[in-house]
Amino acid sequence: LIGNRDYPDGEDLPPIHKNVRDLRAVLEKRGFQVTDGADLSLAQARQALAQFNAKVRAAPADATVFFYFSGHGAQVDAENILVSAGISPRARADTLISGSMTLSRDVIGQLPVRPDGLTLTVLDACRTSLRPNADGGDGLNQVEAPPGNLIAFATRAGRPAIAPASETTNTFYTASLVKLLDSASGETPFQDLFRLVKADTYNTMVNHPVPILRRFAQESFIADNAHVRRRLAPLV
């Protein structure tokens with residue numbers, strides 16, 4: 001789990017550390033071994049991912065793997081950027097690309113191919129402003145999931161994800177993810193879980209008392225190429 005809150009130019013994301021804390025707690029209740037990092041530079045993020053990938057390679061072939069990023073995201077030339085801490089999400093395209101991880105190269109491209117397992121990649125990449133980014137798209141670009149993978153974005157391609165300005169409140173998508181990980185039956189497959197999260201996030205926002213949140217209710221994006229249906233398993 002990586003959560004970047006610390007961004008310059010008034011782009012701080014107060015809910016992100018709570019996202020990571022709450023998600024870690026509920027994943028551990030589901031039996032996951034969890035590592036996390038907060039406010040990581042590009043070098044720190046790549047080091048954390050290298051350590052994570054080593055654990056994945058050493059795990060059984062049928063293990064369930066979960067990668068999560070929460071922070072600012074950007075789209076540059078159809079590439080999904082996971083913006084490093086300390087870099088403005090409104091920086092020039094070359095600054096974003098050279099200073100941040102990309103989804104395809106640094107995350108999906110580094111994880112080992114595991115057709116008999118299940119690899120879950122979840123991006124709750126939030127924006128605090130609804131103004132479009134002059135250098136890229138507003139939101140994250142649609143992707144295809146490699147074999148054995150399920151990829152979920154907090155909102156569909158080309159749409160913003162919205163972060164509350166409170167460090168005691170989760171983002172809308174992670175709030176639904178944490179709630180359903182904690183409450184769903186252990187027999188629920190992960191594929192079904194993410195569809196439930198999609199519906200719950202949208203319903204929460206479309207019925208919100210604040211009009212602009214209803215207007216921008218998030219419909220999460222799911223790319224599912226998993227070959228197995230793995231259930232959620234234990235809840236302590």
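**Close-ups of the predicted model**

**View A. Phe221 is buried, with a relative accessible area of 11%.** This is a predicted model, so keep that in mind for every view here. The cut-off for calling a residue buried is under 20% relative accessible area, and so Phe221, at 11%, makes it. Phe153 is shown as well: it is buried too, with a relative accessible area of 0%.

**View B. Aromatic pairs: a search of the whole structure turns up 3 of them.** Take Phe32 and Phe66, which sit edge-to-face, with 6.1 Å from centre to centre and 75° between the planes. What parts of the chain does this pair link? Distant ones: Phe32 is in the loop between α1 (16-29) and β2 (37-38), while Phe66 belongs to strand β3 (residues 64-71), 34 residues apart. Both Phe32 and Phe66 are buried.

**View C. Phe153 and Phe221 make a tilted aromatic pair.** Their rings are 5.4 Å apart, centre to centre, and the planes meet at 45°. Phe153 comes from strand β8 (residues 149-153) and Phe221 from strand β9 (residues 221-224), so this pair ties together parts of the chain that are 68 residues apart in sequence.

**View D. Phe32 and Phe66 again, now with Phe190.** Which residues make up this aromatic cluster? Phe32, Phe66 and Phe190 form it together.

**View E. Three strands, β4-β5-β6 in that order, form an open sheet.** The pairing is antiparallel. β4 (73-76) and β6 (101-102) are the edge strands, each pairing on one side only. Zoom in on β5 (residues 79-82) and β6 and you'll find 2 bridges joining these antiparallel strands. Leu82 is the residue standing opposite Met101 of β6. As background, strands of a sheet pair through backbone hydrogen bonds, either parallel or antiparallel.

**View F. The largest nonpolar core holds 34 residues.** Which of its residues touch the most other members? That would be Phe67 and Leu96. Two or more residues each come from α2 (42-58), β3, β4, β5, α4 (103-108), β8 and β9. α2 is the top contributor to this core, giving 5 residues.

**View G. Another core, of 27 residues, lies apart from the largest one.** Its residues include Leu1, Leu27, Val122 and Leu181.

Notes. Residues numbered from 1 in each chain as written. Predicted model: local features only at pLDDT ≥ 70, side-chain atom pairs only at ≥ 80, totals over all residues. Heavy atoms only, no water. Phe/Tyr/Trp six-rings, centres within 6.5 Å; stacked < 30°, edge-to-face > 60°. Helix = DSSP H or I, 4+ residues; strand = E, 2+ residues; numbered from the N terminus. Buried < 20%, exposed > 50% of the residue type's maximum accessible area, 1.4 Å probe, protein only. Pairing = 2+ DSSP bridges. Core = buried A, V, L, I, M, F, W, Y, C linked by side-chain atoms within 4.5 Å.
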